[in-house]
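Subject: Structure for you to look at

Hello,

Here is the structure I promised to pass on. Please open it and keep it beside you while you read my notes.

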Amino acid sequence: MGNLYGDNGGVVQEHQQNSDFVNYCNKMQGNLVADMSNCGSGDLRARKNGFKANETEAKPVNGCLKNCSTNSTTCQQAKGKVCPNSSQALLTPAKKLKELAEEHTTKTSFEEVPLHTACLTYLGFYLLMILGYINQLLFVPKVAKEENRDGYVTLYDAFESFYSRYVYRRVRDCWNRPICSVPGDEVTLKDRVTKDYGWSFQFTGTETRCLNLGSYNYLGFADAKGPCAEKSEKTAREMGLAMTSSRVELGTTQLHLDLEQLTARYLGVEDAIVFGMGFATNALNLPSLISPGCLVLSDEKNHASIILGLRLSGATTKVFKHNNMRDLERVLRHNVVHGNPKAGGKPWKKILILVEGVFSMEGSIVRLPEIIALKKKYKAYLYLDEAHSIGAMGPNGGGAVDYFGVDPNDVDILMGTFTKSFGSAGGYIAGSKRLIDYLRTNSHAHCYASSMSPPIAQQIYTSMSMIMGLDGTDTGRQKINQLARNTRYFRRRLAQMGVITYGHEDSPVVPMLVYLFSKIGAVVRTLTTRHIAVVGVGFPATPIMEGRIRYCLSAAHTKEQLDYALDVIDEISDTLGLKYSRKPREPNPIEY
Amino acid sequence: MLQNIIDFCNYWWFRYLMVTELYMVEKWERVTIHVIFAVLFCLFWYFNYSVLLSFTGNILGITPISTIIDQQGSKIA
Ligand SMILES: Cc1ncc(COP(=O)(O)O)c(C=O)c1O
């Protein structure tokens, strides 16, 4: 709530590049590293805090240089590609880091909002506020009156409830839409109408079958049929639906143990622990890892579960600008040098860097190799939330760690959820055996929360084995490839249309900026009439200025489905005026 | 032809409502806002006409044409 305007800061000073164009140039040169000066420099601008600024931070990691020389030969063989041998990233030489920073800059795009749109967005927001106040003055809504409370202060009274009554309520039909089918490649929406401008809804009894571009079903494992569903059904028949006990009491079965082992193997670390809920994995484990007197450096776009966990822990939190290594290093260095001001400048108990693999609202990917280098330089711990990246990123579906080919042991705490790519529920934490043993004795989510339901665990187990290819087929690999291809295709087609999308070109979360509340409403409504279900995101999940439509791609989508969606999006972005982008557009048709 | 013009106007009216966020408000609120807009416009206009115009005229030493006409009129009479 507090940072109505402040949030843009981190985004605005990110970089604006035409990634397609740069890639195209790179291919021409047969060189993986973007050489900016050769690529039509007139159109390509590196922002102040873009890669130029990062050059300074790509200093060699102290003490690492020696090791590098022994290992650099393997890296040179791999030349620019991410080495399949993950141990090399541990010894990343300075030059490599610089290349990585440049690569990140070319692949990530945060185009700035045109000035007139920014002004109009604020103007519109003020208009809505004025209307809200007039409305509230003239007609006090029933919900705003708290009855039979003489002598009490009001229980619900905040800007938030004003906001949800007079801004959100007007386009409320675009959210909380009940569905009545599996959220696979298609989803069935239950139709409803409102006769009083969003205060209440009535079901019409009809249904709409829509193409599903909204669910986090990255690998398409959310399915009511197929091997996963069958095995889960079998497990449910054998073991029931609930363990009705916590893990440390009578809630652990062989299935849970197997799942933990498989997860550890999948991630390439020593051990793992699983929990029944992803949100709680963050919110309840962070307090057992950190305490008052510790310092946490948290990315400004981190998920609510992380923020809640940090507040619960009582540790001091410093927020750094989204994916901005320079800012992170500045905060890190300052705190390593000056220590904890409350303790008279004594060193912090621990310093923890907290980032996500793929940011679910920005569609950006963490700059993992650079963060690992920083973390080693300043001896801080790293907690990586792979909720959206696990399964969806990397050649083997191993998340951001796999995508960058870094050593998973370099990340001290690997966290992730099973709700997305695995089509199930729950979360995990993986890392060294000592870490997991510590959590087994200290974690609230392990000791006090009920253990994971067996069919849920079975679904994860089956889907994970499929991704790893343990079922003897290459279904998993095909899904990973399909997702990567869908992502590239969809993002490039959107860029060609001229709409503004945020994030990294390989991230399956694709936010399309529409800025205004009305446009969020209009886009979601229009797309629903064209049988496409998408999610609109506005304040408070994003800064007020940056309303957006979020598409989530899935391996379940076929090219035909995406083509249909893209054609419709193209059409409506003309009629609704969504083509804000001023970047040069790719003139040639885009290949799938 | 007429239909085309109506369609064109409707479309841009819709776009106008969209960028001002008036697309998603109730009808009476839309009317209220437009009335407020109109009142503001009139106030500005009146202010500009009565205050700003004579003020700038004074500063720049320009005699407003209406005064000249008045003077001429009085001479003739
Ligand atoms: C980064 C991140 N962490 C944690 C969670 C919570 O996971 P779950 O939905 O499984 O509770 C989410 C969910 O959206 C998330 O995006």
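Start at the ligand. A nitrogen atom of the ligand sits 3.4 Å from a polar side-chain atom of Asn282(A). Keep in mind that this is a predicted model.

Two more residues are worth finding. Asp385(A) has a polar side-chain atom 2.8 Å from a nitrogen atom of the ligand. His303(A) has a side-chain N or O atom 3.4 Å from an oxygen atom of the ligand. On its own, the ligand has 390 Å² of accessible area, and the protein covers 87% of that.

Now look at the residues around the ligand. Among them are Phe279(A), Ser305(A), Glu356(A) and Lys420(A). By class, this shell has 7 polar, 3 charged and 2 nonpolar residues. Helix α10 of chain A, residues 278-289, gives the most to the shell, with 3 residues.

Next, turn to where the chains meet. Chain B uses 18 residues to contact 25 residues of chain A. The area buried between the two chains is about 2,000 Å², and carbon and sulfur atoms give 68% of it.

What about salt bridges across this interface? The rule finds 2. In one salt bridge, the side chains of Glu26(B) and Arg169(A) meet at 3.4 Å, N to O. Between the chains, 8 residue pairs are in polar contact.

Finally, which helix gives the most to the side of chain B that touches chain A? It is α2(B), with 6 residues. By class, that side of chain B has 12 nonpolar, 5 charged and 1 polar residues.

Best wishes

Definitions and conventions: Residues numbered from 1 in each chain as written. Chains lettered and ligands numbered in written order. Predicted model: local features only at pLDDT ≥ 70, side-chain atom pairs only at ≥ 80, totals over all residues. Heavy atoms only, no water. Contact = heavy atoms within 4.5 Å. Buried area = accessible area lost by both parts, 1.4 Å probe. Salt bridge = Lys/Arg side-chain N within 4 Å of Asp/Glu carboxyl O. Polar contact = N/O pair within 3.5 Å; in protein donor to acceptor, adjacent residues only side chain to side chain. Helix = DSSP H or I, 4+ residues; strand = E, 2+ residues; numbered from the N terminus. Nonpolar A, V, L, I, M, F, W, Y, C, P; charged D, E, K, R; others polar. Near = heavy atom within 4 Å. Areas by Shrake-Rupley, 256 points an atom, 1.4 Å probe, with all protein chains shown as cover.
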